[in-house]
Each structure stands twice: as C-alpha cells, then as structure tokens.
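The following exercises concern the protein shown below. Please work through each task before reading its solution.

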Amino acid sequence: MNGDGKMDLVLAESSALAVLLGHGRWHICSDSGIHREALPHLFAIGDINGDGRPDLVVAAANAKFAVRLNAGDGTFGPPVFIGQGQTGGAILLGDFNRDNRLDVHVSGSGSAQLFLGNGDGTFVSSPLSVPNGILAADFNRDGKLDLVSFDP
C-alpha cells in the first residue's frame, strides 16, 4: 500500500478499515496508520486512477460508496463519493465495459449498480441493467473479463 515492496494488510474491523503497513517477513506494525470508514465490511482494492498504486473503494455511511485514492505512503486521500445504493452486499471491481479502466459494481438488498470508471478516480453511474449477484473472471482464458450473474 505504500510502495516499499513489503506486503501490507487491509483489515475490516467492526467500525473501521485498518491499513497495517508491513515491515518485512510478515511483521505488522500495530501503530501503523488506521483509516476509518463506516461499514467497512464492504471494500475492494484496485488501481482506480491508473497510477500504479492500490486504491480503496469502501462502503461509507448512509449506503454511500466512496473511493479513497492511495497517496503512495500508506495513507489515503479523503473519500470521494461515487454513488448511493443498498449496503450489505458486495463491491466488485473489473473492466466491465472493456475500456481499460476499472469499473465498480455494488450490490445488496435486492439492488445493484454499475459505476463506470473514467480512469482518474471518478465514475459515472451506468444506465445499464446489472444483476444483483455477479462474479467476474476470465473463465475461458481468452484474456477478456467474463461475468456470471445470479439472483440470490
């Protein structure tokens, strides 16, 4: 998370999202910076703005979803809210429209939304109909993201 080549750890606690910076050989420093968000049980990690650093997408208060861009030193910028939906489901990152930018799919409580990435840390809500439950992977190994949907 801070670009030092050592594995770091992101944990969802009961009321906080903790970023623990690694100091080599799986030693985690307990006094590392802790970044707090409401409802941290929903989060995803990916390079949202294309700078080569892992960013966070988190569920925030009032069923809002926010992007926290990585500052490169183990800290993150302020939350940038990308939309509002239902909590209690999942956040999935992937290039769903094949434009080489990460998009965000959020689902929960019978609804789902797709936010298309602009490649700079901002998103636009997609008018596309998206399923509530979705998995993304290259299932047939052709180099393209495949989607599997289900209705829980």
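A salt bridge is a side-chain nitrogen of Lys or Arg within 4 Å of a carboxyl oxygen of Asp or Glu. The model is predicted: local features need a pLDDT of at least 70, side-chain atom pairs count only at pLDDT 80 or more, and totals for chains, interfaces and linings use all residues. Residues are numbered from 1 along each chain as its sequence is written, and side-chain values use heavy atoms, with hydrogens and water left out.

**Exercise 1. Determine how many salt bridges the structure holds, and describe the residues that form them.**

Step 1. The structure holds two salt bridges. Side chains of opposite charge can pair when their charged atoms come close.

Step 2. D51 pairs with R53, with 3.0 Å between the closest N and O atoms. D99 pairs with R101, where the closest N and O atoms are 3.8 Å apart.

Step 3. Accessibility is classed as buried (under 20% relative accessible area), exposed (over 50%) or partly exposed (in between), using a 1.4 Å probe and protein chains only. D51 is partly exposed at 31%, and R53 is partly exposed at 33%. In the other bridge, D99 has a relative accessible area of 27% and is partly exposed; R101, at 38%, is partly exposed.

**Exercise 2. Locate N70 and establish which residues it touches.**

Step 1. Strands are DSSP runs of E with at least two residues, and helices are runs of H or I with at least four; both are numbered from the N terminus. The protein has zero helices and 13 strands. N70 lies in the loop between strand 6 (64–68) and strand 7 (80–84).

Step 2. The relative accessible area of N70 is 3%, so this residue counts as buried.

Step 3. A contact means heavy atoms within 4.5 Å. Not counting residues up to four places away in sequence, N70 touches M1, D51, R53, P54, D55, T75 and F76. Two of these names, D51 and R53, form a salt bridge with each other.

**Exercise 3. Describe the largest nonpolar core and the place of V57 in the fold.**

Step 1. A nonpolar core is a set of buried Ala, Val, Leu, Ile, Met, Phe, Trp, Tyr and Cys residues joined through side-chain atoms within 4.5 Å. In soluble globular proteins, nonpolar side chains tend to be buried together.

Step 2. The largest core has 14 residues, of which V57, F65, I82, I91, V104 and F123 touch the most other members. Strand 5 (55–59), strand 6, strand 8 (90–94) and strand 9 (103–108) each give two or more residues to this core. Apart from it lies another core of eight residues, including M1, V10, L56 and V58.

Step 3. Strands 5 and 6 run antiparallel and are joined by four bridges; two strands pair if DSSP finds at least two bridges between them. V57 stands opposite V67 in strand 6. Four of the five residues of strand 6 are buried.

Step 4. Leaving aside neighbours within four places in sequence, V57 contacts L42, F43, A44, I48, A66, V67, I91, L93 and V104.

**Exercise 4. Identify which elements have the lowest and the highest mean pLDDT.**

Step 1. pLDDT is the predictor's confidence in each residue, from 0 to 100. The protein averages 74, and 65% of the residues score at least 70.

Step 2. Strand 3 (residues 34–35) has the lowest mean among the elements, 44, and strand 4 (residues 43–46) the highest, 89.

Step 3. Over residues 26–39 the pLDDT is below 50; this stretch has 42 contacts in the model beyond near neighbours in sequence.
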